[in-house]
Amino acid sequence: MIKGFYDRYMYSPMPEMHNEMIPVTDGCSYGKCLFCDLNVGKSFKVFNLEDIKEYIRKRAKFYEDKRFVPSKFTLLEGNALCLKTDSLVEILKEIRKNFPKMKYVSTFARADDVLRKSKKDLKLLKSLGLDRVCVGIESGDERVLSYQQKGVTVEDQYNALKLLEELGISYSVYIMLGLGGKKYSKEHILNTARFLNRVNPFEIVVVNLVIFSGAGLVERIRTGEFERITLRQQIEEEIMLLENLDIRTIYNGTHKTKVVPITTLIPDRKEDLVKILKENLKKTDKELLEEERKKWKIWDKE
Ligand code: SF4
């Protein structure tokens, strides 16, 4: 929560969770993905530029007498890269001015936010410190992206990541287990692995589909149109994903939504992860469910 900007938890990229957070927007400019609750009950909003700059100055003041001064920053929230380049330039300059030791600024972005910007603008943003973009890819399967109303194609996502790569802007990606439901489970995982093998994220964050009340997917589950995978299938999907990945990166499967938290560098220790997952498959459905319930109870208390 950041007083004056958010009255709830904020969404920030997992690889950047220890950065200094800069409030830029409330929600996501797109807001139509079926599984997402970021815009539920409210409209997307870009905070006033002067308020954002004032916030940055206040944070710099706060750190004036502290031993630790942040050098890594994250622009909150769903896709701050949707802002006009001029506004982003002002924000990045304000961060640099107040935190001269700034190493980089990161942000969540949609593939179409990246593609909408010219190379010239992206290069300018990079030169001002924007250097770690986190893209919610979710799936490498066209049917899954389309069903979940992601609003971009597999090719869009590929082109966006390749553009970042060409310009030397590093990126991480989010992948979502269970997003194909029971029907497209296998296609979702195999095509996602194929997609990931063609790109170069410094980190892959693997999360599991969570049904947020108010998200569009709820109704489709209620009518039986979308069938959720089981906890066991979630583990099986992750094994399939890992076994089909052929990429050197950080594999981060520690998100709270996951039934088995795992992380390592792949491919070096990939087999260890698969082993852990296979061990978990030996548990009964009841045991898996109990562990899941325990985890959610802890999460609710946080
Ligand atoms: S692009 Fe991301 S933040 Fe925006 S609606 Fe889709 S999942 Fe939610």
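The following dialogue examines how several descriptions of this predicted model are justified.

Visitor: What makes the protein chain as compact as a globular protein of its length?

Guide: Its radius of gyration is 20 Å, and the globule rule gives 19 Å for 302 residues. The two values are close, so the chain is as compact as a globular protein of that length. Along the principal axes, the C-alpha atoms fill a box of roughly 55 × 40 × 40 Å. The secondary structure comprises 11 helices and 10 strands. Of the contacts between residues at least 6 apart in sequence, 79% join residues at least 24 apart, and 39% of the 302 residues count as buried.

Visitor: Why is α9 called roughly antiparallel to α10?

Guide: Helix α9, residues 231-244, packs against helix α10, residues 270-281, at an angle of about 160 degrees. Angles over 145 degrees count as roughly antiparallel, and therefore α9 is described in that way relative to α10. The axes of the two helices are 10 Å apart, and α9 passes α10 in a left-handed crossing.

Visitor: Which residues make that contact, and how do they divide by character?

Guide: On α9 the contact involves Arg232, Ile235, Glu238, Ile239, Leu242 and Glu243. On α10 it involves Lys270, Leu273, Val274, Leu277, Lys278, Asn280 and Leu281. These residues comprise 7 nonpolar, 1 polar and 5 charged.

Visitor: How do you know whether α7 and α9 are roughly parallel or roughly antiparallel to each other?

Guide: Helix α7, residues 185-197, packs with α9 at an angle of about 30 degrees. Because angles under 35 degrees count as roughly parallel, α7 and α9 receive that description. Their axes lie 9 Å apart, and the crossing of α7 past α9 is right-handed. From α7, the contact draws on Ser185, Ile189, Leu190, Thr192 and Ala193; from α9, it draws on Gln233, Glu237, Met240, Leu241 and Asn244. By character, the contact has 5 nonpolar, 4 polar and 1 charged.

Visitor: What makes the phi of Glu138 worth noting, given that Glu138 is not a glycine?

Guide: Most residues other than glycine have a negative phi. Glu138, however, has a positive phi of about 70 degrees. Glu138 belongs to strand β6, residues 130-138.

Visitor: Is Glu138 buried or exposed, and how do you know?

Guide: Glu138 has 25 C-beta neighbours inside 10 Å. The threshold for a buried residue is 20 or more, so Glu138 counts as buried.

Visitor: Why is Gln149 called partly exposed?

Guide: Within 10 Å of Gln149 there are 14 other C-beta atoms. A buried residue requires 20 or more, and an exposed one has 12 or fewer; the value for Gln149 falls in between, so Gln149 is partly exposed. Gln149 also has a positive phi, of about 55 degrees, although it is not a glycine. Gln149 is located in the loop between α5 (142-147) and α6 (154-166).

Visitor: Which residues are joined by cis peptide bonds, and where do they lie?

Guide: Most peptide bonds are trans. A cis peptide bond joins Leu76 and Glu77, with omega of about 15 degrees. Glu77 is in the loop between β4 (72-76) and α2 (85-98). Another cis peptide bond joins Ile266 and Pro267, where omega is about 10 degrees. Pro267 lies in the loop between β10 (262-266) and α10.

Key
Residues are numbered from 1 along each chain as its sequence is written. This is a predicted model: local features need pLDDT of at least 70, side-chain atom pairs count only at pLDDT 80 or more; totals for chains, interfaces and linings use all residues. Axes are lines fitted to C-alpha atoms, for helices over the stretch in contact, and angles run from 0 to 180 degrees between N-to-C directions. Helices (H or I, at least four residues) and strands (E, at least two) are DSSP runs, numbered from the N terminus. Angles under 35 degrees count as roughly parallel, over 145 as roughly antiparallel, 65 to 115 as roughly perpendicular and the rest as oblique. A crossing is left-handed if the near helix is turned anticlockwise from the far one by less than a right angle, and right-handed if clockwise. Two residues are in contact if their C-beta atoms, placed from the backbone, lie within 7 Å. Ala, Val, Leu, Ile, Met, Phe, Trp, Tyr, Cys and Pro count as nonpolar, Asp, Glu, Lys and Arg as charged, and the others, Gly among them, as polar. The radius of gyration is taken over C-alpha atoms; the globule rule is 2.2 Å times the number of residues to the power 0.38.
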